[in-house]
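User: I should like to learn how to read the features of a protein model, beginning with charged side chains. Please take me through them step by step.

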Amino acid sequence: MAGAARKPYRCDLSDEQWALIEPIIAAWKARRPSVSGHQGRYPMREIVNALLYLERTGCGWEYLPHDLPPPSAVYYYFALWRDDGLSQTIHDLLRARVREVAGRGEDPTAVVVDSQTVHAAAGVPADTTGLDPGKKSRGRKRGIATDVLGLLLAVYVTAASVHDNAIGIELLDQVAIDHPTVTAAWVDAGFKNALADHGRTLGIDVRVVQPEPGTRGFTPVPKRWVVEQTFGTLTPHRRLARDYEKHPASSQAHIYRAATDRMTRRLTGTTTSWRDRPTATLAA
(Lines give C-alpha, C1' and ligand atoms only; values in the text may rest on other atoms or scores of the structure.)
Protein backbone atom coordinates (compact mmCIF):
# COMPACT_ATOMS: atom_id res chain seq x y z
CA MET A 1 0.00 0.00 0.00
CA ALA A 2 1.27 3.48 -0.94
CA GLY A 3 2.09 5.58 2.06
CA ALA A 4 3.94 8.51 3.52
CA ALA A 5 7.28 6.67 3.60
CA ARG A 6 7.74 6.65 -0.16
CA LYS A 7 10.16 9.04 -1.85
CA PRO A 8 8.21 12.04 -3.21
CA TYR A 9 7.81 12.70 -6.93
CA ARG A 10 8.31 16.17 -8.36
CA CYS A 11 4.62 16.43 -9.25
CA ASP A 12 3.34 15.51 -5.76
CA LEU A 13 1.02 17.96 -4.08
CA SER A 14 2.62 20.19 -1.50
CA ASP A 15 0.94 20.46 1.90
CA GLU A 16 -0.35 23.89 0.88
CA GLN A 17 -1.78 22.62 -2.40
CA TRP A 18 -3.48 19.69 -0.68
CA ALA A 19 -5.00 22.05 1.88
CA LEU A 20 -6.79 23.86 -0.97
CA ILE A 21 -8.57 20.79 -2.35
CA GLU A 22 -8.76 18.37 0.61
CA PRO A 23 -11.94 19.93 2.10
CA ILE A 24 -13.76 19.59 -1.24
CA ILE A 25 -12.77 15.93 -1.62
CA ALA A 26 -13.57 15.22 2.04
CA ALA A 27 -17.05 16.72 1.61
CA TRP A 28 -17.59 14.65 -1.54
CA LYS A 29 -16.48 11.48 0.25
CA ALA A 30 -18.76 12.24 3.22
CA ARG A 31 -21.73 12.31 0.84
CA ARG A 32 -20.84 8.83 -0.41
CA PRO A 33 -20.42 6.70 2.75
CA SER A 34 -19.71 3.00 2.29
CA VAL A 35 -22.52 0.73 3.41
CA SER A 36 -19.97 -1.30 5.37
CA GLY A 37 -18.36 1.83 6.83
CA HIS A 38 -15.08 1.11 4.99
CA GLN A 39 -13.05 4.28 4.38
CA GLY A 40 -11.03 2.94 1.44
CA ARG A 41 -7.55 1.47 1.29
CA TYR A 42 -5.78 4.46 -0.23
CA PRO A 43 -5.51 8.05 1.04
CA MET A 44 -7.23 10.53 -1.25
CA ARG A 45 -4.07 12.60 -1.40
CA GLU A 46 -2.22 9.64 -2.89
CA ILE A 47 -4.96 9.13 -5.47
CA VAL A 48 -4.56 12.77 -6.54
CA ASN A 49 -0.76 12.40 -6.57
CA ALA A 50 -1.09 9.36 -8.85
CA LEU A 51 -3.35 11.31 -11.22
CA LEU A 52 -0.86 14.18 -11.30
CA TYR A 53 1.96 11.72 -12.03
CA LEU A 54 0.01 10.25 -14.94
CA GLU A 55 -0.90 13.65 -16.34
CA ARG A 56 2.53 15.27 -15.93
CA THR A 57 4.52 12.32 -17.31
CA GLY A 58 2.03 11.10 -19.91
CA CYS A 59 2.44 7.46 -18.90
CA GLY A 60 -0.30 4.92 -19.43
CA TRP A 61 -2.45 3.75 -16.53
CA GLU A 62 -0.64 0.42 -16.37
CA TYR A 63 2.74 2.19 -16.05
CA LEU A 64 1.99 4.03 -12.81
CA PRO A 65 4.82 3.38 -10.30
CA HIS A 66 4.30 0.56 -7.81
CA ASP A 67 4.66 2.86 -4.80
CA LEU A 68 1.51 4.76 -5.83
CA PRO A 69 -1.99 3.28 -5.52
CA PRO A 70 -2.69 0.63 -8.19
CA PRO A 71 -4.01 1.72 -11.59
CA SER A 72 -7.41 0.11 -10.95
CA ALA A 73 -7.96 2.26 -7.83
CA VAL A 74 -6.66 5.44 -9.46
CA TYR A 75 -8.82 4.98 -12.56
CA TYR A 76 -11.83 4.16 -10.38
CA TYR A 77 -11.63 7.58 -8.73
CA PHE A 78 -10.73 9.36 -11.98
CA ALA A 79 -13.87 7.99 -13.70
CA LEU A 80 -16.04 8.58 -10.64
CA TRP A 81 -14.90 12.20 -10.25
CA ARG A 82 -15.29 12.74 -14.00
CA ASP A 83 -18.87 11.42 -14.05
CA ASP A 84 -19.84 13.06 -10.73
CA GLY A 85 -18.46 16.38 -11.92
CA LEU A 86 -16.09 16.63 -8.95
CA SER A 87 -13.07 17.39 -11.15
CA GLN A 88 -14.87 20.43 -12.56
CA THR A 89 -16.28 21.42 -9.15
CA ILE A 90 -12.78 21.55 -7.63
CA HIS A 91 -11.59 23.56 -10.62
CA ASP A 92 -14.47 26.04 -10.48
CA LEU A 93 -14.10 26.68 -6.75
CA LEU A 94 -10.38 27.36 -7.13
CA ARG A 95 -11.03 29.62 -10.13
CA ALA A 96 -13.25 31.80 -7.95
CA ARG A 97 -10.43 31.95 -5.39
CA VAL A 98 -7.86 32.95 -8.02
CA ARG A 99 -10.14 35.68 -9.35
CA GLU A 100 -10.66 36.98 -5.82
CA VAL A 101 -6.91 37.09 -5.15
CA ALA A 102 -6.44 38.91 -8.47
CA GLY A 103 -8.95 41.54 -7.39
CA ARG A 104 -11.64 40.38 -9.81
CA GLY A 105 -15.30 39.73 -9.08
CA GLU A 106 -16.41 36.14 -8.79
CA ASP A 107 -18.51 36.42 -11.97
CA PRO A 108 -16.73 37.26 -15.26
CA THR A 109 -18.26 39.58 -17.86
CA ALA A 110 -16.13 38.65 -20.89
CA VAL A 111 -14.71 35.45 -22.38
CA VAL A 112 -12.15 34.49 -24.98
CA VAL A 113 -12.97 31.47 -27.16
CA ASP A 114 -10.60 29.34 -29.26
CA SER A 115 -9.99 25.76 -30.37
CA GLN A 116 -6.92 23.58 -30.72
CA THR A 117 -6.51 20.49 -32.92
CA VAL A 118 -4.50 17.61 -31.43
CA HIS A 119 -3.55 14.22 -32.85
CA ALA A 120 -5.39 11.22 -31.46
CA ALA A 121 -3.42 8.21 -30.27
CA ALA A 122 -3.82 4.74 -31.73
CA GLY A 123 -6.82 3.04 -30.16
CA VAL A 124 -8.93 6.18 -29.83
CA PRO A 125 -12.35 5.32 -31.35
CA ALA A 126 -12.55 6.48 -34.96
CA ASP A 127 -16.13 7.70 -34.50
CA THR A 128 -14.92 10.35 -32.02
CA THR A 129 -12.13 11.69 -34.26
CA GLY A 130 -11.97 13.36 -37.65
CA LEU A 131 -9.87 15.37 -40.11
CA ASP A 132 -9.39 19.09 -39.58
CA PRO A 133 -9.45 20.30 -43.20
CA GLY A 134 -7.70 23.57 -42.36
CA LYS A 135 -4.75 22.02 -40.56
CA LYS A 136 -4.79 18.73 -42.53
CA SER A 137 -4.58 16.98 -39.17
CA ARG A 138 -6.61 14.02 -37.93
CA GLY A 139 -7.64 13.81 -34.30
CA ARG A 140 -9.78 15.83 -31.94
CA LYS A 141 -10.41 19.49 -31.25
CA ARG A 142 -10.29 21.07 -27.81
CA GLY A 143 -12.49 24.10 -27.53
CA ILE A 144 -12.10 26.33 -24.49
CA ALA A 145 -13.57 29.55 -23.20
CA THR A 146 -11.50 31.52 -20.69
CA ASP A 147 -11.93 34.69 -18.71
CA VAL A 148 -9.57 37.64 -19.19
CA LEU A 149 -7.10 36.03 -16.77
CA GLY A 150 -6.91 32.90 -18.91
CA LEU A 151 -8.87 30.78 -16.43
CA LEU A 152 -11.15 28.11 -17.88
CA LEU A 153 -14.87 28.78 -17.96
CA ALA A 154 -15.93 26.03 -20.37
CA VAL A 155 -14.34 23.05 -22.17
CA TYR A 156 -15.61 21.03 -25.13
CA VAL A 157 -13.76 18.16 -26.83
CA THR A 158 -14.99 16.74 -30.13
CA ALA A 159 -13.80 15.35 -33.47
CA ALA A 160 -11.34 17.58 -35.36
CA SER A 161 -13.70 17.59 -38.35
CA VAL A 162 -16.27 19.65 -36.40
CA HIS A 163 -16.31 23.31 -37.52
CA ASP A 164 -15.16 25.96 -35.06
CA ASN A 165 -18.62 27.55 -35.21
CA ALA A 166 -20.25 24.44 -33.75
CA ILE A 167 -17.60 24.32 -31.03
CA GLY A 168 -18.03 28.00 -30.28
CA ILE A 169 -21.81 27.65 -30.06
CA GLU A 170 -21.46 24.78 -27.56
CA LEU A 171 -19.00 26.82 -25.48
CA LEU A 172 -21.20 29.92 -25.47
CA ASP A 173 -24.18 27.80 -24.42
CA GLN A 174 -22.15 26.47 -21.46
CA VAL A 175 -20.98 29.98 -20.58
CA ALA A 176 -24.51 31.41 -20.75
CA ILE A 177 -25.78 28.74 -18.34
CA ASP A 178 -22.90 28.81 -15.84
CA HIS A 179 -21.90 32.48 -16.15
CA PRO A 180 -24.95 34.59 -17.07
CA THR A 181 -22.98 37.77 -16.30
CA VAL A 182 -20.92 37.34 -19.50
CA THR A 183 -21.88 39.88 -22.18
CA ALA A 184 -18.85 39.86 -24.50
CA ALA A 185 -16.76 37.21 -26.27
CA TRP A 186 -13.58 37.62 -28.30
CA VAL A 187 -12.69 35.11 -31.02
CA ASP A 188 -10.39 34.77 -34.04
CA ALA A 189 -11.35 34.80 -37.71
CA GLY A 190 -11.90 31.03 -37.75
CA PHE A 191 -15.31 31.65 -36.19
CA LYS A 192 -17.90 32.88 -38.67
CA ASN A 193 -21.15 34.86 -38.56
CA ALA A 194 -23.16 31.91 -37.23
CA LEU A 195 -21.38 32.24 -33.89
CA ALA A 196 -22.04 35.97 -33.67
CA ASP A 197 -25.69 35.36 -34.53
CA HIS A 198 -25.97 32.72 -31.82
CA GLY A 199 -24.23 34.99 -29.34
CA ARG A 200 -26.86 37.66 -29.89
CA THR A 201 -29.60 35.21 -28.90
CA LEU A 202 -27.74 34.70 -25.61
CA GLY A 203 -27.06 38.38 -25.01
CA ILE A 204 -23.33 37.94 -25.75
CA ASP A 205 -21.59 40.31 -28.17
CA VAL A 206 -19.13 38.18 -30.19
CA ARG A 207 -16.25 40.18 -31.63
CA VAL A 208 -13.53 38.96 -34.02
CA VAL A 209 -10.07 40.21 -32.98
CA GLN A 210 -7.55 40.26 -35.82
CA PRO A 211 -3.77 40.80 -35.74
CA GLU A 212 -2.61 44.26 -36.78
CA PRO A 213 -2.19 44.58 -40.57
CA GLY A 214 1.33 43.73 -41.68
CA THR A 215 2.11 41.69 -38.56
CA ARG A 216 4.70 38.97 -39.21
CA GLY A 217 5.73 36.05 -37.03
CA PHE A 218 4.29 35.41 -33.63
CA THR A 219 2.77 38.49 -32.02
CA PRO A 220 0.34 38.30 -29.09
CA VAL A 221 -3.07 39.55 -30.24
CA PRO A 222 -4.76 41.95 -27.78
CA LYS A 223 -7.53 40.36 -25.72
CA ARG A 224 -7.12 37.01 -27.50
CA TRP A 225 -3.61 36.18 -26.29
CA VAL A 226 -4.80 34.84 -22.93
CA VAL A 227 -6.54 31.84 -24.50
CA GLU A 228 -3.37 30.97 -26.44
CA GLN A 229 -1.43 31.20 -23.20
CA THR A 230 -3.90 28.84 -21.54
CA PHE A 231 -3.41 26.27 -24.29
CA GLY A 232 0.34 26.66 -23.70
CA THR A 233 0.00 25.89 -19.99
CA LEU A 234 -1.51 22.50 -20.88
CA THR A 235 1.71 21.43 -22.62
CA PRO A 236 3.71 20.50 -19.46
CA HIS A 237 0.98 17.92 -18.77
CA ARG A 238 2.23 15.35 -21.24
CA ARG A 239 -0.99 13.36 -21.08
CA LEU A 240 -2.40 16.26 -23.12
CA ALA A 241 0.36 16.23 -25.75
CA ARG A 242 -2.13 14.25 -27.83
CA ASP A 243 -5.54 12.79 -27.12
CA TYR A 244 -5.23 9.30 -25.62
CA GLU A 245 -8.75 9.01 -24.24
CA LYS A 246 -11.49 6.65 -25.33
CA HIS A 247 -14.19 9.11 -24.25
CA PRO A 248 -14.03 12.88 -24.98
CA ALA A 249 -15.38 13.41 -21.43
CA SER A 250 -12.12 11.93 -20.11
CA SER A 251 -10.15 14.42 -22.18
CA GLN A 252 -12.21 17.24 -20.70
CA ALA A 253 -11.56 15.93 -17.18
CA HIS A 254 -7.79 15.89 -17.81
CA ILE A 255 -7.94 19.48 -19.08
CA TYR A 256 -9.78 20.62 -15.96
CA ARG A 257 -7.27 18.78 -13.78
CA ALA A 258 -4.31 20.38 -15.58
CA ALA A 259 -5.91 23.79 -15.07
CA THR A 260 -6.52 22.95 -11.40
CA ASP A 261 -2.85 22.02 -10.96
CA ARG A 262 -1.89 25.36 -12.46
CA MET A 263 -4.21 27.26 -10.09
CA THR A 264 -3.03 25.45 -6.95
CA ARG A 265 0.53 26.36 -7.88
CA ARG A 266 -0.53 29.94 -8.56
CA LEU A 267 -2.29 30.24 -5.20
CA THR A 268 0.57 28.69 -3.22
CA GLY A 269 3.50 30.15 -5.12
CA THR A 270 4.71 26.66 -6.05
CA THR A 271 7.10 26.48 -8.99
CA THR A 272 6.02 24.67 -12.15
CA SER A 273 9.59 23.84 -13.19
CA TRP A 274 10.69 20.22 -13.33
CA ARG A 275 14.21 21.38 -12.42
CA ASP A 276 13.28 22.44 -8.90
CA ARG A 277 13.14 19.89 -6.15
CA PRO A 278 9.82 19.56 -4.29
CA THR A 279 9.86 21.12 -0.85
CA ALA A 280 6.70 19.45 0.49
CA THR A 281 6.50 16.16 2.31
CA LEU A 282 3.66 13.72 2.17
CA ALA A 283 1.09 13.82 4.93
CA ALA A 284 1.27 11.10 7.50
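User: Is D132 buried or exposed, and what is its nearest side chain of opposite charge?

Analyst: The general idea is this: side chains of opposite charge can pair when their charged atoms come close. In this predicted model, D132 is buried and yet has no salt bridge. The nearest side chain of opposite charge belongs to K135, 4.1 Å away. A salt bridge requires the nitrogen and the carboxyl oxygen to lie within 4 Å, so the distance of 4.1 Å to K135 does not qualify.

User: Which polar partners does the side chain of D132 have?

Analyst: The side chain of D132 makes a polar contact of 2.6 Å with the side chain of T117. The side chain of D132 also reaches the backbone nitrogen of G134, at 3.0 Å.

User: Where does D132 lie in the fold, and which residues is D132 in contact with, leaving aside neighbours within four places in sequence?

Analyst: D132 lies in strand β2, which covers residues 130-132. With neighbours within four places in sequence left aside, D132 is in contact with T117, S137, K141, A160 and S161. T117 thus appears both in this list and as the side-chain partner in the 2.6 Å polar contact.

User: How many salt bridges are there, and which residues are linked in a network?

Analyst: The count comes to 15 salt bridges. One of them joins D12 and R6, with the closest N and O atoms 3.0 Å apart. Both of these residues are buried. A network of salt bridges links R6, D12 and E46.

User: How should I read the burial of other pairs, such as R207 with D205 and R239 with E245?

Analyst: One reads the distance and the accessibility of each partner separately. R207 and D205 form a salt bridge with the closest N and O atoms 2.7 Å apart. R207 counts as partly exposed because its relative accessibility is 38%. D205 is likewise partly exposed, given its relative accessible area of 39%. R239 and E245 also meet in a salt bridge, at 2.9 Å from N to O, but both R239 and E245 are buried.

User: Let us turn to the overall architecture. How many helices and strands does the protein chain have, and in what order do they run?

Analyst: The protein chain has eight helices and six strands. Read from the N terminus, the order is α-α-α-α-β-β-β-β-α-β-α-β-α-α. Of its 284 residues, 48% count as buried. The accessible surface comes to about 14200 Å², and carbon and sulfur atoms account for 53% of that area. Among contacts with a separation of 6 or more, 68% are between residues 24 or more positions apart.

User: Which residues touch the most other members of the largest nonpolar core?

Analyst: To read a core, one looks for its best-connected members and then for the elements that supply it. The largest nonpolar core has 35 residues, and those touching the most other members are I21, I25, I47, V48 and W81. The elements that give two or more residues to this core are α1 (15-30), α2 (44-57), α3 (71-84), α4 (86-101) and α8 (248-268). Of these, α2 gives the most, with eight residues. As an example, I47 touches Y42, P69, A73, V74, Y77 and W81, when residues up to four places away in sequence are not counted. Another core, of 18 residues, lies apart from the largest one; I144, V157, V209 and V226 are among its members.

User: Finally, how are small residues to be read? Why do G199 and A258 count as buried?

Analyst: The threshold for burial is under 20% relative accessible area. G199 counts as buried because its relative accessibility is 0%. G199 lies in helix α6, residues 193-202, and touches L172, I204 and V206, not counting residues up to four places away in sequence. The C-alpha atoms of G199 and A176, 23 residues apart in sequence, are 9.3 Å apart in space. A258 is buried because its relative accessible area is 3%. A258 is found in helix α8 and, with neighbours within four places in sequence left aside, is in contact with L234, H237 and L240. The C-alpha atoms of A258 and R239 are separated by 9.5 Å, although the two residues lie 19 residues apart along the chain.

Notes: Residues numbered from 1 in each chain as written. Predicted model: local features only at pLDDT ≥ 70, side-chain atom pairs only at ≥ 80, totals over all residues. Heavy atoms only, no water. Helix = DSSP H or I, 4+ residues; strand = E, 2+ residues; numbered from the N terminus. Buried < 20%, exposed > 50% of the residue type's maximum accessible area, 1.4 Å probe, protein only. Lys, Arg positive; Asp, Glu negative; His and termini not counted. Polar contact = N/O pair within 3.5 Å; in protein donor to acceptor, adjacent residues only side chain to side chain. Contact = heavy atoms within 4.5 Å. Areas by Shrake-Rupley, 256 points an atom, 1.4 Å probe, with all protein chains shown as cover. Core = buried A, V, L, I, M, F, W, Y, C linked by side-chain atoms within 4.5 Å.
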